[in-house]
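Visitor: I would like to learn how to read a few features of a protein model. Could we take them one at a time?

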Amino acid sequence: MTELVKSQMRWQRKDLLGIRELSAEEIIFILDTADAFKEVGTRDIKKVPALRGKTLVNFFVEPSTRTRTSFEIAAIRLSADVINISANSSSLTKGETLKDTAKILEANHADIIVLRHSSSGAPQFLAERLTSSIINAGDGAHEHPTQALLDLYTIRSRKSAVAGLHVVIIGDILFSRVARSNIFGLLKLGARVTLVGPSTLVPREFEKLGVAVSYDLDRVLPTADVVNLLRIQHERQRKEYFPGIGEYIRLFGLTKERAKLLKPDCLIMHPGPINRGVEIDSELADGAQSVILDQVTNGLAIRMAVLYLCGGISGQ
Amino acid sequence: MDGGAISRALRRIAHEIIERNPDLASVILAGIPSRGVEIARRLAGLIESLAQIPIGTGVIDVSMHRDDVGKRAELPRVQASRLPLPLEHKTVIIVDDVFYTGRTVRAAMDAISSFGRPARIQLAALIDRGHRELPIRVDYVGKNLPTAVGERVRLRLENVDGEPDAVWLIKEEKA
């Protein structure tokens, strides 16, 4: 009976731009779809014909290896044809505007465009102008929806439900699209969220979103069900925001000593790439509480689900 | 078709499956969600009580194998498929509620082949409403129900829909 009640919702979006505009029901729909695609990874033949005849363009204006690769494998497993374009190989370096480049991609019959861009809102800009499906693979400090979805999926599969959990996000929140997407998703699914980091990178304004802000990690850790450590983004840091690596580790690094404060079943997550010895001690990253590699595997199932859903909708 | 007619049809299909498959231990009933799964479950129960032998069942979701992805305005929920493995030397019987164009069954055969290579694949459907578009036929049919293209077959099963078992033929009312 519940099976049919659950199946009432139908997916209707051709674009995935952010978590903010999704309903809790849509988020759960994507996570459930990812369950089905995770099963595909256990078959003899791990490839399904769902997107046969479709062309996917991985359009990465900002460098990224893991996200791009994950999208590429996901697309191949769905039988789509994949083209990769990076910033230095595109005409953007010759002064072409984003809109013109995108129009060219569309004229070449790109059915799905996966966009990583340094400007917040770039995916939405394209989605409003193109009939292709646009998938946001990270835009500036705005959102990184598939990362948040794979984090939610990983939490759900380890803890059975997200609602009621206490999730602590540590580090550079201000510049982090991963943090923003995670905050939206976690709150929609009923988790309690605490942000911890240097006050310059975790301003009190975040409390308006409905999360708690703390500058005392040792006080927060004992009640955490999940800690999500964000990478210190050296490339985005300006000196005035940041006290120095040594002080950061002393106050906010997840050291072996500090990890003793955690509940034994608390999950340790990190979106990668890890700065070993900065956000987290190397041993903890490889330890029993770490689900960092699960996140990578689940990312594939999530991206297959997102490409299947958005790419499967007629843009006409 | 009421509840009694549905159970009689299923009982007859169970007998036919037993008759046509001397090696019942190698039979797997693979239901297509959601009503095909329920029909497969009932058939397995019937065969088990008639032949006193456990029957393997599975779920085969065809969404990822359909040939019209990208042509629809909305997508239904996908379920994980699961089949008792390995499929080699097995007879997989696809179980569907209503057989119509044959495209769902084609997709189901494609899905099954990604799990392995069964010795044979057969097809059971509670209703065959005609209008097939592919060279596929039903091996075990509960009821042949000739329909017009504009008509709809509405099937309800107790355990899936929370309504008593029944089949209706509905003429589309054009507004």
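Visitor: Which residues are linked in a network of salt bridges?
Guide: Start with the general idea: side chains of opposite charge can pair when their charged atoms come close. In this predicted model, A:Asp32, A:Asp35, A:Arg156 and B:Arg77 are linked in such a network.

Visitor: How many salt bridges does a search of the whole structure find?
Guide: The search finds 33 over all chains. Across the interface of chain A and chain B, the rule finds two salt bridges.

Visitor: Which residue forms a salt bridge with A:Arg10?
Guide: The partner of A:Arg10 is B:Glu74, and their closest N and O atoms are 3.9 Å apart. The cut-off for a salt bridge is 4 Å, so a distance of 3.9 Å still counts.

Visitor: Which helices of chain A each supply at least two residues of the side that touches chain B?
Guide: They are α1 (2-6), α2 (24-40) and α12 (292-311) of chain A. Helix α2(A) gives the most to that side, with nine residues. Sorted by class, the side of chain A that touches chain B has 17 nonpolar, six polar and nine charged residues.

Visitor: How is the size of an interface given?
Guide: It is often given as the accessible area lost when the parts come together. Here chain A and chain B bury about 2700 Å² between them, and 55% of it is on carbon and sulfur atoms. The contact takes 32 residues from chain A and 28 residues from chain B. Nine residue pairs are in polar contact between chain A and chain B, counting pairs with both residues at pLDDT 80 or more.

Visitor: Let us turn to salt bridges in chain B. With which residue does the side chain of B:Arg103 meet in a salt bridge?
Guide: With B:Asp67, at 3.1 Å from N to O. B:Arg103 lies in helix α3 of chain B and B:Asp67 in the loop between β2 (56-59) and β3 (91-99) of chain B, so the pair ties together parts that are 36 residues apart in sequence.

Visitor: What else does B:Arg103 touch, not counting residues up to four places away in sequence?
Guide: Besides B:Asp67, B:Arg103 touches B:Glu133 and B:Leu134. The side chain of B:Arg103 makes a polar contact with the side chain of B:Glu133, at 2.7 Å. Helix α3 of chain B, where B:Arg103 has its place, covers residues 103-113.

Visitor: Is B:Arg103 buried, partly exposed or exposed?
Guide: B:Arg103 counts as partly exposed because its relative accessibility is 35%, and the range for that class runs from 20% to 50%. Its partner B:Asp67 is also at 35% and counts as partly exposed.

Visitor: Where do B:Glu151 and B:Lys171 lie?
Guide: Their side chains meet in a salt bridge, at 2.6 Å from N to O. B:Glu151 lies in the loop between β5 (140-144) and β6 (152-156) of chain B, and B:Lys171 in the segment after β7 (166-170) of chain B, so this pair ties together parts that are 20 residues apart in sequence. B:Glu151 counts as buried, at 10% relative accessibility, whereas B:Lys171 counts as exposed, at 54%.

Visitor: What about the salt bridge between B:Asp68 and B:Arg66?
Guide: The side chains of B:Asp68 and B:Arg66 meet at 2.8 Å, N to O. B:Arg66 counts as partly exposed, at 31% relative accessibility.

Visitor: How is a pair of aromatic rings described?
Guide: By the distance of the centres and the angle of the planes. This structure holds three aromatic pairs over all chains. One of them is stacked: A:Trp11 and A:Phe29, 6.1 Å centre to centre with 20 degrees between the planes. A:Trp11 lies in the loop between α1 and α2 of chain A and A:Phe29 in helix α2 of chain A, so the pair ties together parts that are 18 residues apart in sequence. Both A:Trp11 and A:Phe29 are buried.

Visitor: Why is the pair of A:Phe37 and A:Tyr308 called tilted?
Guide: The ring centres of A:Phe37 and A:Tyr308 are 5.3 Å apart and the planes stand at 55 degrees, so the pair is tilted. This pair links distant parts of the chain, with A:Phe37 in helix α2 of chain A and A:Tyr308 in helix α12 of chain A, 271 residues apart. Both A:Phe37 and A:Tyr308 are buried.

Notes: Residues numbered from 1 in each chain as written. Chains lettered and ligands numbered in written order. Predicted model: local features only at pLDDT ≥ 70, side-chain atom pairs only at ≥ 80, totals over all residues. Heavy atoms only, no water. Contact = heavy atoms within 4.5 Å. Buried area = accessible area lost by both parts, 1.4 Å probe. Polar contact = N/O pair within 3.5 Å; in protein donor to acceptor, adjacent residues only side chain to side chain. Helix = DSSP H or I, 4+ residues; strand = E, 2+ residues; numbered from the N terminus. Nonpolar A, V, L, I, M, F, W, Y, C, P; charged D, E, K, R; others polar. Buried < 20%, exposed > 50% of the residue type's maximum accessible area, 1.4 Å probe, protein only. Phe/Tyr/Trp six-rings, centres within 6.5 Å; stacked < 30°, edge-to-face > 60°.
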